[in-house]
Amino acid sequence: MSKYSIWFDVIFNGHIVCESTLLPINDSFSVDVNQKFVVEIHQWPDTLSLNIHCENISSKNMFTKNPIAELYIPFPIRYNWVSIVSLI
């Protein structure tokens, strides 16, 4: 599997705001990401997701045009406040 790598885009409200470096897939089919991304947010997001892409390094055949997976990241709804409930 060492000839395959993945990389991903951080998608904020439909726009790419960050990209990872190429991350090699090891023999146990896992990847060490170990990257931090700093994103300055000026408005509450409608959507936040990761698009995951794959690349075959040995043949230089790139599968990066379309993501192989899209992971949506949940976050609290704006103005979602906990109501105080009294139990009498």
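Begin by selecting N13, which is located in the loop joining β1 and β2. The model in the viewer is predicted. The phi angle of N13 is near 50°, a positive value although the residue is not glycine. In general, residues other than glycine mostly have a negative phi. N13 counts as buried because its relative accessibility, 18%, falls under the 20% limit.

Next, select F29, in the loop between β3 (23-24) and β4 (48-56). Here too phi is positive in a residue other than glycine, with a value near 60°. Is F29 buried or exposed? F29 counts as exposed, since its relative accessibility is 61% and the limit for that class is over 50%.

Now display the whole protein as a cartoon. The protein contains 6 strands and 0 helices, and its pattern along the sequence reads β-β-β-β-β-β. Of the contacts with a separation of 6 or more, 50% are between residues 24 or more positions apart. Buried residues account for 25% of the 88 residues.

To view the interior, select I6, F8, V10, C18, L23, I25 and L50. These 7 residues form the largest nonpolar core. Strand β1 (residues 4-12) gives the largest share of this core, 3 residues. Keep I6 highlighted and show its surroundings. Leaving aside residues up to four places away in sequence, I6 touches T21, L22, L23, I25, V31, I52, H53 and C54. Two of the names in this part of the tour, C18 and C54, are worth a separate selection.

C18, a member of the core, is buried, as its relative accessible area is 11% and the limit is under 20%. C54, one of the residues touched by I6, also counts as buried because its relative accessibility is 14%. How many disulfides does the protein have? The count comes to 0.

Finally, turn to the outside and switch on the molecular surface. The protein exposes about 7200 Å², of which carbon and sulfur atoms supply 59%. Select V17, V39 and I41 to find a nonpolar surface patch of about 230 Å². Within this patch, V17 belongs to strand β2 (residues 15-19). V17 is classed as partly exposed because its relative accessible area, 38%, lies between the limits of 20% and 50%. The tour thus ends at the surface patch made by V17, V39 and I41.

Methods: Residues are numbered from 1 along each chain as its sequence is written. This is a predicted model: local features need pLDDT of at least 70, side-chain atom pairs count only at pLDDT 80 or more; totals for chains, interfaces and linings use all residues. Side-chain values use heavy atoms; hydrogens and water are left out. Helices (H or I, at least four residues) and strands (E, at least two) are DSSP runs, numbered from the N terminus. Buried means under 20% relative accessible area, exposed over 50%, partly exposed in between (1.4 Å probe, protein chains only). Contact means heavy atoms within 4.5 Å. Accessible areas come from the Shrake-Rupley method with a 1.4 Å probe; for residues, only the protein chains shown count as cover. Patches are made of residues with over 30% relative accessible area and no salt bridge: like charges are joined within 9 Å, nonpolar side chains (Val, Leu, Ile, Met, Phe, Trp, Tyr) within 5 Å. A salt bridge is a side-chain nitrogen of Lys or Arg within 4 Å of a carboxyl oxygen of Asp or Glu. A nonpolar core is a set of buried Ala, Val, Leu, Ile, Met, Phe, Trp, Tyr and Cys residues joined through side-chain atoms within 4.5 Å. A disulfide is a pair of cysteine sulfur atoms within 2.5 Å.
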